[in-house]
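Here are a few friendly notes to read alongside the model. Take them one at a time, with the picture open beside you.

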2 protein chains.
Amino acid sequence: MAERLTADARKQALGAIPGWTEVQGRDAIGKTFVFKDFNEAFGFMTRAALVAEKMDHHPEWRNVYKTVEVVLSTHDAGGVTKLDIELARTMNTIAKLTAT
Amino acid sequence: MAERLTADARKQALGAIPGWTEVQGRDAIGKTFVFKDFNEAFGFMTRAALVAEKMDHHPEWRNVYKTVEVVLSTHDAGGVTKLDIELARTMNTIAKLTAT
């Protein structure tokens with residue numbers, strides 16, 4: 001099972017994935033993605049959903065039209081693990097490919 | 001443009017779409033859908049997203065694994081319109097077809 005990252009390891013990992021920050025009051029990381037429209041936002045979500053399902057590691061996310069707020073944490077570990085860092089990095093890649 | 005429903009019309013419409021209720025503190029309606037797993041939850045979202053895009057009327061929604069919390073309101077009208085009722089009804093149909 002993936003283990004919780006130490007505060008130092010988490011901070012270092014976050015430094016390498018632009019836009020992701022620690023979520024206030026929770027052991028979690030988050031980012032708000034803003035796209036051009038709903039088509040792009042949901043396209044991003046669909047690609048990310050396929051990756052998440054394959055990883056068996058799922059995001060908490062909220063979508064309002066062109067905006068997608070994502071929070072990542074590993075339930076079983078009670079905090080942020082390398083799975084969250086991996087999914088965050090992949091989401092950044094997908095978002096970059098999605099945005100026109 | 002779709003017009004805001006009166007309180008009476010909204011209450012009557014909600015009576016015919018199981019599970020949907022008025023959102024506290026907002027002129028909006030909401031429902032939390034619970035599925036078997038992420039596959040079902042995101043399958044539901046995907047079908048609903050296609051309908052929403054075609055209607056050009058989009059939900060606010062939050063997904064955590066097998067749960068999808070939906071809030072509907074018509075931004076331009078500042079409240080609940082027949083578009084929200086129509087989308088709510090369609091979401092119930094899709095959810096029924098999605099759940100195994």
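**Notes on the two chains and a strand**

1. In this predicted model, R62(B) is the residue of chain B that comes closest to the rotation axis, with its C-alpha at 2.0 Å. A turn of 180° with a shift of 0.0 Å along the axis lays chain B on chain A, at an RMSD of 0.0 Å (a least-squares fit on C-alpha atoms of residues with pLDDT of at least 70 in both copies). That is the relation of a two-fold axis.

2. The same surface serves both copies: 100% of the contact residues of chain B recur in chain A (contact means heavy atoms within 4.5 Å).

3. Now look at strand 4 of chain B, residues 67–72 (strands are DSSP runs of E, at least two residues, numbered from the N terminus). V68(B), V70(B) and L72(B) point to one face and are buried, that is, under 20% relative accessible area with a 1.4 Å probe, protein chains only. T67(B), E69(B) and V71(B) point to the other face and are not buried. In a regular strand, side chains alternate between the two faces of the sheet.

4. Which strands of chain B join strand 4? Strand 2 (residues 29–34) runs antiparallel to strand 4, with six bridges, and I29(B) stands opposite L72(B). Strand 3 (residues 60–64) is also antiparallel to strand 4, with five bridges, and V64(B) stands opposite T67(B). Strands pair if DSSP finds at least two bridges between them.

5. Strands 3 and 4 of chain B form a hairpin with two residues between them. In the turn, Y65(B) has a positive phi of about 55°.

6. A word on conventions: residues are numbered from 1 along each chain as its sequence is written, and chains are lettered from A and ligands numbered from 1 in the order written. Local features need pLDDT of at least 70, side-chain atom pairs count only at pLDDT 80 or more, totals for chains, interfaces and linings use all residues, and side-chain values use heavy atoms, leaving out hydrogens and water.

Terms used
Buried < 20%, exposed > 50% of the residue type's maximum accessible area, 1.4 Å probe, protein only. Helix = DSSP H or I, 4+ residues; strand = E, 2+ residues; numbered from the N terminus.
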